[in-house]
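Here are a few exercises to work through with the model open beside you. Try each task before reading its solution.

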Amino acid sequence: MSKSKSRSISKVLDGVSRRGFLRGTAAGVAGAAGVAAAGVSGSGRALAADKTVKIGFLAPLTGEVAAWGLPGLYGCEIWAEWVNGSGGIQVGGESYQVEFVSYDNEYAPDKARTGAQKLIHEDEVKFIMMLGGDTMPPVVEISNRTGMLVSTLLPSDLTPDTPNLIAPCEVHPIYNVTGVEWLAEAKPDLKTAVICAQDDALGRPSVATYLAAFEAAGIELVDEPLFFDISTTDFAPVMTSLMAKNPDIICLDTCYADFVHPLTEQAFQQGFKGQMISCTADFYDQMIAKTSAEFLEGFVFQFPDFDDPALNESFVNFQKPNAFFSEYAKRWPGEWGAVSWEYASIMDLWRAGAEAAGSVEPQEVLTAMKAGGTGLHAFGEAKWWGQELFGIDNALVGNWPVVVIENGKAVIKEYRSIPDWWSKHKDIMIKHFEAMGEMFYQRT
Amino acid sequence: MPKGGEAKPTAALWKPALLLIAVYAGLIVLPHLLSFSQKEIAVFLLINVLLVVSYRVLTLTGEWSLGHAVIMGVGAYASALYAKALGVPVPLAMLLGAATAGLVAYVLSFPLFRMKGFYFLIGSFAAGEVIRLLWKRFRDPFGGPKGIKGIPGLSDIEIGTLKIAFWDPVNYYYVCLLVVTLSLVVLYRLERSRFGLTFHAVHWQDKLAESVGVDTRRTRTLAFVVASVFGGLAGALLAHYLGTINPNRFDVEEMVFVLIWVIVGGTSTFFGPIIGVVVLTIVNEMVLREMGVDQARPLIYGAILIASVLFLPQGLESLGPKIKRLFAGRPDRPDRPDRRQLAGEPSRD
Amino acid sequence: MIDLLLQTCINAIYAASFMALIAVGLVLIFGVMGIINFAHGELYMLGAYVVVFLYADNRLPFFLAVALGLIFVGLVGIAMERTLFRPMRDNPLGGLIVSIGFLLILQSAVVMGFGVRMEHIPPPTQVIFHPFGLEGVVLPLQRLYVIAAAVLLLGALGIFLRKSRLGWALRATAQDPEAAALQGISINQTARIAMCIGAGLAGVAGALTAPLVRTYPYMGHSVIVTAFIIIIVGGIGSLEGAVIAAVVYAFVHTFVTTFADGVIADIVGLLLMLAVLVVRPTGLRGTRDRA
């Protein structure tokens, strides 16, 4: 597997047409009402006799936040082709083709509201997948009134008032405790840490989580968390500031890949010799190219490559992870990241719920999904959880992998249980969440 | 100072009155002809109409601000906090929010009106960014980067069996239509009043205006405050409909859209910005989305912007130096002939 | 502590060089054409993507890619001048709209060609200097390239503006376009040259820093705001002012980031600009107001 891509002129042009520009324009010129064209159709393979169920994809597809939506839509495209190609989903004795209808919410709450109304009332989707965050509150309101089932990647959207909103895949940032816990056991001589994060809805709760995880592991934080604005381009001053306290561990929090790379490069250039830990390390091969394999040896993070053999464990529920990874890399070279598989993994969960319910109706699927208090999370069976932290048990929490770079390759060291950590240290977590103003009763 | 000059031959009032009635009849029927998502778009469009028309008030004095989106946000944040934290009834909170936006603008006018032209443009941007960063930085009461959630909406009205819920886009559309119409009437009258004429005078002939006793600084401040009050009102309308606001909603990108609507529409007439926002919203939110060109949408939108400015300069002609020269000798007549045609008024010449 | 201070100074010098390259081009374009080029950040982005395409994807030598980036973006600048800005000259609002339209086009064209994600550019060199002989104070050669480019290119520009006939014409046009036209200076020609130089400087800044920053289609957004702050602090008519302001801003921002945090640094930067504007409403070196 090689993630490096070669791009020639013809490939770029190919990319333009492949990325739907020509196809979309043609549909517009043809004067099609175009609602279907806006979505990802099942490659026209749908049989006339089959029923179709529509799924809404309401995420940013253009603008600065598009990197958190668009690659997920690509993943869903592959998911839909595979599922539809093998006969669709079986619900109540009938087979359904799955069709995604996308609406670009530009990460703006008003467009999210408009999009949700369109998806629910005009496209009649049965489930809406979202990134969440700024765009979530108006959609929650609509979901509460229509009973529409909605998913988010950001569990910090969950409150007691969001009964139809689920966070079934990424229980960000709680899983970050697993990396710190593993690190403290594997390298007990590391005693001090510093942390930096972008000042936003992802960075802050994650800082609270890492602070709790460090405290639980007996690691001392030697400086206040350093926040920077998301428009920052030069990370030399940030790294200089972090290294000024001579910490054993530099924690990059849930910095976006765009920040993890320059921060890591700066740590390398400024001669950092200690341990690094981060939530993500997307495109770590490029980080190695910018630093060295020796420098990145032992870098701890939380997102495995999907060609990792450990994903073929019997308890992993993500369908064909290795094939999905290579198919994705083939179609969208260089676009692979966490969101690439997360939306697709939510679809696996939804499919299981719909097939168990014998219905595609949102409330029935939700009931079936949550039956027994457990669900099939991508990384193994997990429980519906969150009452104490989010005020509602709508986050699916179980194992999460701890990933370490060894000899230039990300390796899953082990799967760790988040509920186990929680049962031991929940008071510490709640304390730090409260200090950061991130508890559900502070987020109203 | 010339008089406002509202006296017109009664016969000549027929045409505009009929036109106005026809337009409003259309606007009242409109939401029932639209699809669900188009109803939502119509609500946001009405709010944006108020935003651009209020923005134009400031431009009358010749100053262009990059802070208007943030001022809208001040109205939204203030109104939301009054209603949510202090329990002020929503309609009153909206008015107080608008007043707060005006007050903030008044305070800002002291540093900002030391500057003119491009410096004012960028100065207003900096002031706005400082406000936005304060919202991000002070989580209490502004909620930090995630902003404020759970903003109360207008409470439902029950008259016998008839229940009017303002969460419904159609009902809120009528609320907006009413508020925006009243605001537009006020702004329209204001522009025709003595104050409005001094705005124009300050724009085109500020030295001359000063020499006849117009306090240009005070006039600019007045225009800035009035623009901000109504911009803040637009923000309040938005906040209590959406139920959530955050600092990103009022960032420079949003401001760029306001500028685009206003400039593409043109500012020399009262209706220019309205035409701009209506046409461009329909293009961007309906036509381009229907075409299914999601990723290419900004590209096509950008091309349309360029084409409209290059090939349809009507919206812009009043801004060019040509017009400046055209008006140089006639500070007392800010209107251009086509303005009255657009407004459906008879010519006074 | 001395390590920390010296390192922070080096960081600030780099930041100043980078910002000066961008801000000077922006000032030049504004001075000659009276147009606020909102798409300036996207020209910087374009320069970075030339390096992505030629150096990272097609393995051309780094400096060849940078040189081609300078030329390519300079040519884009000339094309912009001819098709977009010439009809809008001295119409700042029209210029604003066409440049916004153009930036939307550039952004989505790059998204369609290269994807929304950050690009990967292998470092052209990994040499690191210790300029003060201290282990804790580093100056990577990659950053030195940017500093050197800023000094050389801006120095050359200064000489060109003072010593050559074209440079003289450029300065004359920036001071008073109508008087310059009366002197027989072709405004079209000076505008073309200003746009070419301004765009080329942004392009070379993007090309040189592409391996250092996050290179993604919306990267122009974050520099344009800072560039505006700098040209305002400097005074929008003044190239020297832009350079001075870039240095001042970079030092303030870098030191506040290091000793407080990045968000506070942004607030301080904006307040610095407001303070300068209130005290000197035409900026540090500005003399007049064309907008």
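Two residues are in contact if their C-beta atoms, placed from the backbone, lie within 7 Å. Keep in mind that this is a predicted model.

**Exercise 1.** Find how many residues chain B and chain A each bring to their contact.

*Solution.* Start with the counts: chain B supplies 28 residues and chain A supplies 32. Next, look for the elements on the chain B side: α2 (36-60), α12 (272-290) and α13 (297-311) of chain B each give two or more residues. Of these, α2(B) makes the largest contribution, with 5 residues. Finally, sort the chain B side by class, which yields 9 nonpolar, 9 polar and 10 charged residues.

**Exercise 2.** Describe where the two domains of chain A touch.

*Solution.* First set the bounds: domain 1 covers 9-171 + 314-397, and domain 2 covers 176-301 + 400-435. Each domain places 12 residues in the contact. On the domain 1 side, β14 (380-385) and α16 (387-390) of chain A give two or more residues each. The largest share there, 3 residues, belongs to β14(A). By class, that side holds 6 nonpolar, 4 polar and 2 charged residues.

**Exercise 3.** Trace the largest nonpolar core and explain why it lies between the domains of chain A.

*Solution.* Begin with the members that touch the most others among its 380 residues: M19(C), A23(C), V51(C), I230(C), A242(C) and A246(C). Helix α1 (residues 2-33) of chain C provides the largest share, 20 residues. Then turn to chain A: domain 1 and domain 2 both give residues to this core, so it lies between them.

Terms used
Residues numbered from 1 in each chain as written. Chains lettered and ligands numbered in written order. Predicted model: local features only at pLDDT ≥ 70, side-chain atom pairs only at ≥ 80, totals over all residues. Domains from an automatic or database assignment. Helix = DSSP H or I, 4+ residues; strand = E, 2+ residues; numbered from the N terminus. Nonpolar A, V, L, I, M, F, W, Y, C, P; charged D, E, K, R; others polar. Core = buried A, V, L, I, M, F, W, Y, C linked by C-beta atoms within 7 Å. Buried ≥ 20, exposed ≤ 12 C-beta atoms within 10 Å, placed from the backbone.
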